[in-house]
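This report goes through one protein model region by region. Please keep the coordinates open while reading.

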Amino acid sequence: MIDAIGAIASVLLPWVAGTYAVRALWRRAPAVPALVAIGYGYFVGAFGATWLMRALSLAGIRWSLPTLGAAMLALGAIAWWLARRPAPAEGAAPGLRQALAAEPPLLRWLFWLALSLLAVRLAGLAVDVVTAPLRGYDQWAHWATKARVWFEHGRMMPFVPPDTWLARGDPSLFIDANPGHPGTTPLLQAWTANFLTAWNESLINLPWVALSVALPAAFFAQARLAGAGAALAMVAVWLLMTLPVLDAHVASAGAADVFMAATYGLAAMAAWRWSVTREAPMAWLALVMAVAGVLVKVEGVLWMSTLVPGVVVALSRRAGFALAGAAAVAFAGYLAFGPARLPLMGYVLLSRPVNVLPAVIDHVFVFDNWHLAAYALVALVAWRWRRLLSPRLAPMTMTMAAAVGLVVVVYFFTSAAGGVADETLVNRFLLHLAPALAFYALLLYVGGGERRGDQPSLNATNAADA
């Protein structure tokens, strides 16, 4: 019972602090929708906790429940003080209750049905996470090794390659299957472990349960702001959170891929919202999520770089399209004149493609790893093709085009092609894109519709460019 209380407190403490921090961003703007603050708030608070642990470790202060708890309470109090006087909510969209009341009875029933199915699914995943030990090679060989060592020592201990470990013989150095991985994921586990009476391989994974609640909350809020009705937004959330690969990564908690997916998706959604309304708080959320994603996995730099074309297009259509064209020409130039093998960002870039198309087709269009959602996406793109580069949709279209281009390059033109061919990478890498791509599909369906309170998406220069 004590461990259960401690584990819950380890999630709620940063979640509440993060929620107030997000609310504070809107202190001088129309009130933030509650679910935006709650959904993004968990990730802001959780990643803030890892940055706090890094700072204490750098300062030589040993982690402990009193130290970590007091520090987070102090940060939460500051966030509450900054958010304590939000601006009046004139111009804000109607609340969920009012929105549901305005829906036809059939859509209200659809909303509650989708919400009930979602709740049942998330409850099942939560039970699976908190009752099962670490499962999967990556979970216990790449991530929990660091969490356990850091928890026992009360600070971040260095992990080095095996040859360095053997050559130096230093008892303060440690090794595991991938010492170069960023520390965010094991820090999340070590944070929870510090709230327990002892190391517990099940309860340290409670952040994955929190993610499975915070991500749909943020997705629903952004879907409503994008123009989706309450029923449609909830159905979209249910479809996202029942994707088999996503659910598998939540259930087999302990790996970083689902956090990579969440941070990239949240950053892309906030960046798109900023491109429409120029809300400074949304820009800050996008930046915070992008920085967090870079610290989740090495590939985070690659994923977050795909946000750049969308941001540039939002500022200047001509510059954005020129940037995309320049990137395509540069890659074509590498294929024509570049070296056969070029080390880059942990991969080896190849100038000749590897044929992994059969594996990609199987997992995307044949197997039920993604509920065959690729067919729906292709249909939506074909339906809305005339509007893909419209002022409201163009930023997200360019972001998704860059992301799909990244997938193509990694799958067909890098050393990762081996992992695609043997089916160990194909779904895991696509998972990083799933929430953002699901949001883009919803945008295509609603046409990037405008909600009350939106501001014009283009300045005078962009309007002239259009």
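The sections below treat a strand hairpin, aromatic and charged side chains, the enclosed and open spaces, and a few single residues.

## Basis of the report

The structure is a predicted model. The values given here are therefore computed from predicted coordinates, and local features rest on residues with pLDDT of at least 70.

## The hairpin of strands 1 and 2

Strand 1 (residues 341-344) and strand 2 (residues 347-350) run antiparallel, and 4 bridges join them. Within this pairing, Arg341 is placed opposite Leu350 of strand 2. The hairpin leaves 2 residues between the strands, and Met345 adopts a positive phi near 50° there.

Which residues of strand 2 point one way, and which the other? Tyr347 and Leu349 point to one side, Val348 and Leu350 to the other, and all of them are buried.

One of these residues, Tyr347, is also touched by Glu299, whose contacts beyond four places in sequence include Phe429 as well. Glu299 itself belongs to the loop that runs between helix 13 (280-294) and helix 14 (300-305). Is Glu299 buried or exposed? Its relative accessible area is 12%, so Glu299 counts as buried, the cut-off for that class being under 20%.

## Aromatic pairs and charges over rings

Searching the whole structure gives 21 aromatic pairs. In one of them, Phe47 and Phe259 meet edge-to-face, with 6.2 Å from centre to centre and 80° between the ring planes. This pair links distant parts of the chain, since Phe47 lies in helix 2 (residues 34-58) and Phe259 in helix 12 (residues 257-277), with their positions 212 residues apart in sequence. Phe47 and Phe259 are both buried, and ring pairs join them with Trp15, Tyr42, Phe43 and Trp208 into a cluster.

Two arginines are placed over tryptophan rings. Arg278 lies over the face of Trp274, at 4.7 Å from the ring centre, while the charged end of Arg384 sits over the ring of Trp383, at 4.1 Å from its centre.

## The largest pocket

The volume of the largest pocket is about 1200 Å³. It is lined by 38 residues, of which Ala373, Ala374, Leu377, Leu437 and Ala438 are the closest to its centre. Two or more lining residues come from each of helix 10 (230-241), helix 17 (357-366), helix 18 (373-383), helix 19 (394-413) and helix 22 (434-446). Which helix gives the most to this lining? Helix 19 does, with 8 residues.

Leu437, one of the residues closest to the pocket centre, is found in helix 22. With a relative accessible area of 22%, Leu437 is classed as partly exposed, because that value is not under the 20% that buried requires and not over the 50% that exposed requires. Setting aside residues up to four places away in sequence, Leu437 touches Leu377 and Met400; Leu377 is itself named among the residues closest to the pocket centre. The C-alpha atoms of Leu437 and Thr397 are separated by 9.9 Å, although these two residues are 40 positions apart along the chain.

## The cavities

How many cavities of 30 Å³ or more does the model hold? The count comes to 3, and the largest cavity contains about 70 Å³ of space.

The lining of the largest cavity consists of Ala268, Ala271, Trp272, Ser275, Leu307, Gly310, Val311, Pro395, Met396 and Thr399. The elements that give two or more residues to this lining are helix 12, helix 15 (307-315) and helix 19. Helix 12 gives the most, with 4 residues. Helix 19 thus contributes to the lining of the largest cavity and to that of the largest pocket.

## Ser305 in helix 14

Ser305 is a residue of helix 14. Its relative accessibility is 39%, so Ser305 counts as partly exposed. Measuring from C-alpha to C-alpha in the model, Ser305 and Phe367 are 30 Å apart in space, and they are 62 residues apart in sequence.

Definitions and conventions. Residues numbered from 1 in each chain as written. Heavy atoms only, no water. Buried < 20%, exposed > 50% of the residue type's maximum accessible area, 1.4 Å probe, protein only. Pairing = 2+ DSSP bridges. Phe/Tyr/Trp six-rings, centres within 6.5 Å; stacked < 30°, edge-to-face > 60°. Lys NZ or Arg CZ within 6 Å of the ring centre and 35° of its normal. Contact = heavy atoms within 4.5 Å. 1 Å grid on protein atoms, 1.4 Å probe; cavity = no way out; pocket = protein on both sides within 12 Å on 5 of 7 lines; lining within 4 Å. Points joined across faces, edges and corners; volume = space filled by probe spheres on them.
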